[in-house]
Amino acid sequence: MRNNYSLTGKRAAVILYSTYPSDPRPNRAAEAMIEAGLNVDLLCLSESELDAREETIGGVHVRRISMRRQRGSKVSYLLQYGRFFFAAFWFLTSRGLRKKYDFVHVHNMPDFLIFSALLPKLRGARLILDLHDPMPELMVTIYDLKPGQWLVRMLLFLERRCIRFSHTVLTPNIAFKTLFVSRSGCRDEKIQIVMNSPREKVFNPDRFSAEPSTISQTDEFRIMHHGSIVHRHGIDLLVEAVALVRPKIAGIRLDLYGTKTTFLDAVLVRAHELNIEDIVHYHGAKTQQEISAIIRECHLGVVPNRRSLFTEINFPTRLFEYLSMHRPVIAPSTQGIRDYFSDRQMIFFRPDDVADLAKQIIWVAEHPRETAACVREGIEVYRNHLWSQEKNRFVEMLTNLSANPKPASI
C-alpha cells in the first residue's frame, strides 16, 4: 500500500562489486533513489586507470577502489570477493560512524557483501539485498560443478543466511523469486521483484525519425547479438545456425556486440571453420544509447542461450530491449522466459538445438507479417513492465521500509 512517508534527506549507501555507471541495474536504482530525494554514497570498482577515485555522477557520490573485476578460477573469484568485502566493510563502518545511513543497498554477486553492512544495521539502517542472479546456479553453470559439491552447498548456506540478515530482498524475475523463497524459507513478501527493464528514454523508437528498412526493402538480413560473450550464452550455436541458413537467406549477416573475451576467439574460429567468417562481424562493446540505435537497424535479435541450471530460470533483459525498439527476437524456450511470454508473444526455439534455431530464423525471414504480429503481442508484455513502473515499485518499497520501524522477519 502506498503511503506519504517522505524519503527526502534520508541517506543511502550502495555496495556494488561492478562498475558505475556502466552497470545498468545499479545505475537505474541509484538514480531512482536520487529522484526520490535520498543522498546516495556508492562504492564500486574501477573500470580503468583513468577513472576518478571519487566523483559525483547524477547526484550519486561515487567512491571507486583501485581494483578491476577479472574472470578467472574459483580461487581467483574468492580472493577478489574477499578483498572487496573488506573494502566495503571499512567504507560502511568508517562512514557509518560519522553519519547514520537509513538504507544500505547491496548488489550481488557475491551475496555475502550484505554482511559488510553490520554497523549500519546495528544503527538502524534497513538492508536491501539485490540478488541479480542466484549465485549457486551461476557458479554451477560457469564452472560445470555438480550440485552436491561442497562449494555449491556453501553457497546455498550463505544465500539463506544473507536473505535472513536482510530486511528486504530484490530480484528481477518470477523464477528467481520462486527459487529464493523455496529454499530460504522466508516469507513470500520479503522477496520483491523489480525487473531489469530498459530505460524508456534510451530504448525509445521515437528517437529515430524513420522506420527501419524491412527485409523486403534491403539486400541484407541483419541478425544481431549483444551482451556478454560467454559459453552459456551460446553465440557459437548461433554461428552454426547462421551457417545452416545462409544458402536460404540472401544477404544474411551476423553482428556481435560485447566486451572481448577468450570465448570470442572460439566463436570466430567456429565461423572460419564453417566458411562464414565473411558474414560474421564483431564490433566490440557499445553503450546503451548505441545499442538502441543498432537494434533499430537490425532485422532480428537472437538470444541463443544454452540450457543450464542458470539460463533455465534467467530472464535476459535483451528481450525487452529488442521489443522496446519494435524488433523481433528469438529466445530459448525456458521457464524464466515463459513465465512472461507465450508462443503468440515470443518466437521460441529449443535450447541447444541448432537446427531448430535455424528453422526459426528462416521462419522470421519468410513470414514478415506473422513476425510483426508476434512483435506487437510481445510489446504489450514489455509495456506491462516499463522501467517507470518498476521504478515506482522500487521507491514504494523504500518508502514502506523507512516507515516500518520493525525489522522484517523471515
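## Helix H14 and its packing

The buried residues of helix H14 pack against H1, S5, S6, S7 and S8, where contact means heavy atoms within 4.5 Å. This is a predicted model, in which local features need pLDDT of at least 70 and side-chain atom pairs count only at pLDDT 80 or more, while totals for chains, interfaces and linings use all residues. Residues are numbered from 1 along each chain as its sequence is written, and side-chain values use heavy atoms, with hydrogens and water left out.

H14 covers residues 387–403, which is 17 residues. From its first C-alpha to its last it reaches 24 Å, close to the 24 Å expected at 1.5 Å a residue; the expected span is 1.5 Å times one less than the number of residues. Among the buried residues of H14 are Trp387, Phe394, Met397, Leu398 and Leu401, along with Glu390 and Glu396. Here, buried means under 20% relative accessible area, exposed over 50%, and partly exposed in between (1.4 Å probe, protein chains only). Helices (H or I, at least four residues) and strands (E, at least two) are DSSP runs, numbered from the N terminus.

## The sheet of 8 strands

Let's turn to the sheets. One open sheet has 8 strands in the order S3-S4-S2-S1-S5-S6-S7-S8, and its pairing is mixed; two strands pair if DSSP finds at least two bridges between them. Strand S3 (54–57) and strand S8 (191–193) are at the edges with a single partner strand each, so one side of each has no neighbour in the sheet. The twist averages 20° from one strand to the next. Angles run from 0 to 180 degrees between N-to-C directions, and axes are lines fitted to C-alpha atoms, for helices over the stretch in contact.

At the S3 end, S3 pairs with strand S4 (residues 60–65) in the antiparallel sense over 4 bridges, and Ile57 stands opposite Val60 in S4. Helix H1 (residues 24–35) packs on this sheet, touching S1, S2, S4, S5, S6 and S7, and its direction makes about 165° with that of S2. Helix H6 (residues 174–184) lies across S7 and S8, running at about 175° to S8.

## The sheet of 6 strands

A further open sheet is built from 6 strands in the order S11-S10-S9-S12-S13-S14, with parallel pairing. Its edge strands, S11 (280–282) and S14 (347–349), each pair on one side only. Here the twist averages 25° from one strand to the next. Strand S12 (residues 300–302) pairs with strand S13 (residues 329–332) in the parallel sense over 2 bridges, and Gly301 stands opposite Val329 in S13.

## Helices H7 and H12

Helix H7 (residues 235–245) lies across S9, S10 and S12, running at about 170° to S10. Helix H12 (residues 354–366) lies across S9, S12, S13 and S14, at about 155° to S14. The axes of H7 and H12 come within 8 Å and cross at roughly 60°. The two helices are therefore oblique to each other, on a scale where angles under 35 degrees count as roughly parallel, over 145 as roughly antiparallel, 65 to 115 as roughly perpendicular and the rest as oblique. Residues of H7 including Leu237, Leu238 and Leu244 meet a set in H12 that includes Val354, Leu357 and Ile361.

Gln360 also has its place in helix H12. Gln360 is buried, with a relative accessible area of 14%. Leaving aside neighbours within four places in sequence, Gln360 is in contact with Ile330, Ile347, Phe348 and Phe349.
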